[in-house]
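Subject: Structure handover

Hello,

Here is the structure for you to look at. My notes on it follow below.

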Amino acid sequence: MTEWPMTEWHDAAATDALDDDEVMALNIAGVPVALFRQEGGFFALHDLCSHGAARLSDGFVENGCVECPLHQGLIDIRSGAPCSAPITEPVRSYPVRVVGDRVEISLDR
């Protein structure tokens, strides 16, 4: 019988801590995480751009993307996929769930 690894969820924020198009910088177990709220849903990315290592939580959020504050490349908030140059590598995204009035993030993926 195969045993599946348990997912470890970390408490991140209250669901009402962010409005749509807002971002929150977090440090979860020593990992920088940017938590976004888009159209009522929550999404989490590693809080460093894959191109210039700028904090995405300092970037401008619009139309489902965050703009890297260093070189203005765009990254899809939902997947971490690069959307424009000079960014060519994806940013790691993390699973997010809502339990009651709390947002939880898993770093396991």
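Buried is used here for a relative accessible area under 20%, exposed for over 50%, and partly exposed for what lies in between, with a 1.4 Å probe and protein chains only. The model is predicted, so local features need pLDDT of at least 70 and side-chain atom pairs count only at pLDDT 80 or more, while totals for chains, interfaces and linings use all residues. Residues are numbered from 1 along each chain as its sequence is written, and side-chain values use heavy atoms, with hydrogens and water left out.

Overall

The protein has ten strands and zero helices. Both kinds of element are DSSP runs numbered from the N terminus: helices are H or I with at least four residues, strands are E with at least two. Buried residues account for 38% of the 109 residues. The C-alpha trace spans about 45 × 35 × 25 Å along its principal axes. The radius of gyration is 14 Å, which agrees with the value near 13 Å for a compact globule of 109 residues; it is taken over C-alpha atoms, and the globule rule is 2.2 Å times the number of residues to the power 0.38. Of the contacts between residues at least 6 apart in sequence, 41% join residues at least 24 apart, where a contact means heavy atoms within 4.5 Å.

Sheets

Strands of a sheet pair through backbone hydrogen bonds, either parallel or antiparallel. Two strands count as paired here if DSSP finds at least two bridges between them.

One open sheet has three strands in the order E1-E10-E9, with antiparallel pairing. Strands E1 (9-14) and E9 (96-99) are at its edges with a single partner strand each, so one side of each has no neighbour in the sheet. From one strand to the next the twist averages 35°; the axes behind this angle are lines fitted to C-alpha atoms, and angles run from 0 to 180 degrees between N-to-C directions. E9 and E10 (residues 102-106) run antiparallel and are joined by four bridges. Val99 has Arg102 in E10 as its bridge partner.

Another open sheet has four strands, ordered E2-E3-E4-E8, and its pairing is antiparallel. Its edge strands, E2 (22-28) and E8 (93-94), each pair on one side only. Seven bridges connect E2 with E3 (residues 31-38), and these two run antiparallel. Ile28 is opposite Val31 in E3.

Salt bridges

There are five salt bridges in the structure, each a side-chain nitrogen of Lys or Arg within 4 Å of a carboxyl oxygen of Asp or Glu. Three of them are described here.

- Arg37 and Asp20 have their closest N and O atoms 3.8 Å apart. Arg37 is in strand E3 and Asp20 is in the loop between E1 and E2, so this pair ties together parts that are 17 residues apart in sequence. Asp20 is partly exposed, at 41% relative accessible area.
- Arg55 and Asp47 meet at 2.8 Å, N to O. Asp47 is buried at 0% relative accessibility, whereas Arg55 is partly exposed at 36%.
- Glu104 and Arg97 have their closest N and O atoms 2.6 Å apart. Glu104 is buried at 15% relative accessible area, and Arg97 is partly exposed at 36%.

Nonpolar cores

A nonpolar core is a set of buried Ala, Val, Leu, Ile, Met, Phe, Trp, Tyr and Cys residues joined through side-chain atoms within 4.5 Å. The largest has 14 residues, and Phe36, Leu56, Val66 and Ile75 have the most contacts inside it. E3 and E4 (41-46) are the elements that give two or more residues to this core. Another core, of 13 residues, lies apart from it and includes Leu18, Leu26, Ala44 and Val103.

Leaving out residues up to four places away in sequence, Leu56 touches Leu45, His46, Asp47, Leu48, Cys49, Val66, Cys68, Ile75 and Val91. Asp47 is thus both a contact of Leu56 and the salt-bridge partner of Arg55.

Pro86

Pro86 is in the loop between strand E7 (74-76) and E8. Pro86 is partly exposed, with a relative accessible area of 30%. Pro86 touches His51, His71 and Gly73, again not counting residues up to four places away in sequence. From Pro86 to Leu74 the C-alpha distance is 8.6 Å, with the two residues twelve apart in sequence.

Regards
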